[in-house]
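Me: I'd like to learn how to read a fold from its coordinates. Could you walk me through one?

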Amino acid sequence: MSTLLISHPACLEHLTPLGHPERPDRLRAVERALEAEKFQMLARTQAPLAPFEIIALCHPMDYITAIRDATPKEGMTRLDADTSMSPGSFEAALRAAGGAIHAVDEVLTKKAANAFVAIRPPGHHAETARPMGFCFFDNAAIAARYAQDHHGIARAAIVDFDVHHGNGSQEIFWADKTVLYCSTHQMPLFPGTGALGETGEYNTVVNAPLRPGDGAAKFRDAFESRILPRLGDFQPELIVISAGFDAHMRDPLANINLEEEDFAWATQKIMEIADRHAGGRIVSLLEGGYDLQALADSVAAHINALMRG
């Protein structure tokens, strides 16, 4: 089995205002990076459209239809100060969630060793019934819940190393003892959640906030002291990674000083837990990362680790 790469051209058709950091060029940069010879052995496929009823495992149906109905026929419309829609945005969001769902199917039926889903818009800020932070549907949450609902997974874990806290994933699973949510992120920073004391109703939320200016040593310590032990104790049967690369030192939206080898290291550590408890089963979903070169280099390092390179 090989690592599976899932994407779709429709994700380029989610347009954002001029100067917006979450732009189609992000996906183009990832695509160019994955043209390198070492990635030619990746299995590749396109993301299907997510059925509404699967998205509804995490978001109410009236919320899903409200997002559909908010899609403009031309131009752009804003849902909040950061989150806008163009005519292609709703299909892109359905493909993003659909890619996550398809990755779960392929990994859990052993057609792929693991998967990386190169999609946009991202998802981890989307709460149960609230779009925010560039996100419409929480792709990672949908993947975890779908694995439980359709494949009988008892325990799923989400590991989020995006520099912004995944408030949506935390909110969706706050009172759920069957899904572990772990996050490293800069604090203070948007969205303002993710304090150490936020642990969920069943102690299945693990936050490891970093301070502005922190680098590899503090990031790796957060993983080794807080996240990896809890992940190992939880013994997940599937690990979903919210793979944001905006903690890179080059990223314009934050002040954490990681480099691509730090993301590779984190990926390898997550894989060790997955190998021990989940049969190696990992589904990784693109979240943030807004410096194009840093994003390209970091995704390449992440996927190379997934490929056991």
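Reply: Let's go from the whole chain down to single residues. Keep in mind that this is a predicted model.

Me: Fine. What does the chain contain, and how compact is it?

Reply: Start by counting elements: the protein chain has 9 helices and 10 strands. Then compare the radius of gyration with the globule rule. Here the radius is 17 Å, close to the 19 Å the rule gives for 309 residues, so the chain is as compact as a globular protein of that length. Along its principal axes, the C-alpha trace spans about 50 × 40 × 40 Å.

Me: How much of the chain is buried, and what makes up its surface?

Reply: Buried residues account for 60% of the 309. The accessible surface comes to about 11500 Å², and 49% of that belongs to carbon and sulfur atoms.

Me: What share of the contacts links residues 24 or more positions apart?

Reply: That share is 75%, taken over contacts with a separation of 6 or more.

Me: Now the core. Which residues have the most contacts inside the largest nonpolar one?

Reply: The general idea is that in soluble globular proteins, nonpolar side chains tend to be buried together. In this model the largest nonpolar core has 96 residues, and those with the most contacts inside it are Phe116, Phe137, Phe161, Phe223 and Ile239. Helix α4 (residues 89-108) supplies the largest share of this core, with 11 residues.

Me: Let me pick a strand, say β6. Which strands does β6 pair with?

Reply: For pairing, look at the partners and the direction. Strand β6 runs parallel to β7 (residues 179-186), with 5 bridges between them, and Ala156 stands opposite Val179 in β7. Strand β9 (residues 238-243) is also parallel to β6, again over 5 bridges. On that side, Ala157 stands opposite Ile239, a residue you met in the list for the core.

Me: And are the faces of β6 covered or open?

Reply: Both are covered. Ala156, Ile158 and Asp160 are buried on one side, as are Ala157 and Val159 on the other. That fits the strand total, where 5 of 5 residues in 156-160 are buried.

Me: How does the chain get from β6 to β7, and with what handedness?

Reply: For a crossover, follow the path from strand to helix to strand. Here β6, helix α6 (residues 167-172) and β7 form a right-handed β-α-β unit.

Me: Loops next. Is Ile256 buried or exposed?

Reply: A loop position doesn't settle that, so check the accessible area. Ile256 lies in the loop between β9 and α8, and its relative accessible area is 1%, which is under the 20% cut-off, so it counts as buried. Among the residues Ile256 touches are Val163, Leu210, Pro212, His248 and Met249.

Me: Where are the cis peptide bonds you'd point out, and what are their omega values?

Reply: Scan omega along the backbone. The bond from Met187 to Pro188 is cis, with omega near 5°, and another cis bond joins Phe190 and Pro191, with omega about 5°. Pro188 sits in the loop between β7 and β8, and so does Pro191.

Me: What about positive phi outside glycine: which residues show that?

Reply: Lys110 does, with phi near 65°, and so does Asn203, at about 60°. Lys110 is in the loop between α4 and β5 and is exposed, with a relative accessible area of 62%. Asn203 is in the β7 to β8 loop and is partly exposed, at 42%.

Conventions: Residues are numbered from 1 along each chain as its sequence is written. This is a predicted model: local features need pLDDT of at least 70, side-chain atom pairs count only at pLDDT 80 or more; totals for chains, interfaces and linings use all residues. Side-chain values use heavy atoms; hydrogens and water are left out. Buried means under 20% relative accessible area, exposed over 50%, partly exposed in between (1.4 Å probe, protein chains only). Helices (H or I, at least four residues) and strands (E, at least two) are DSSP runs, numbered from the N terminus. Two strands pair if DSSP finds at least two bridges between them. A crossover is right-handed if, with the strands pointing away from the viewer, the path from the first strand over the helix to the second runs clockwise. Contact means heavy atoms within 4.5 Å. A nonpolar core is a set of buried Ala, Val, Leu, Ile, Met, Phe, Trp, Tyr and Cys residues joined through side-chain atoms within 4.5 Å. The radius of gyration is taken over C-alpha atoms; the globule rule is 2.2 Å times the number of residues to the power 0.38. Accessible areas come from the Shrake-Rupley method with a 1.4 Å probe; for residues, only the protein chains shown count as cover. Lists of a residue's contacts leave out its neighbours within four places in sequence.
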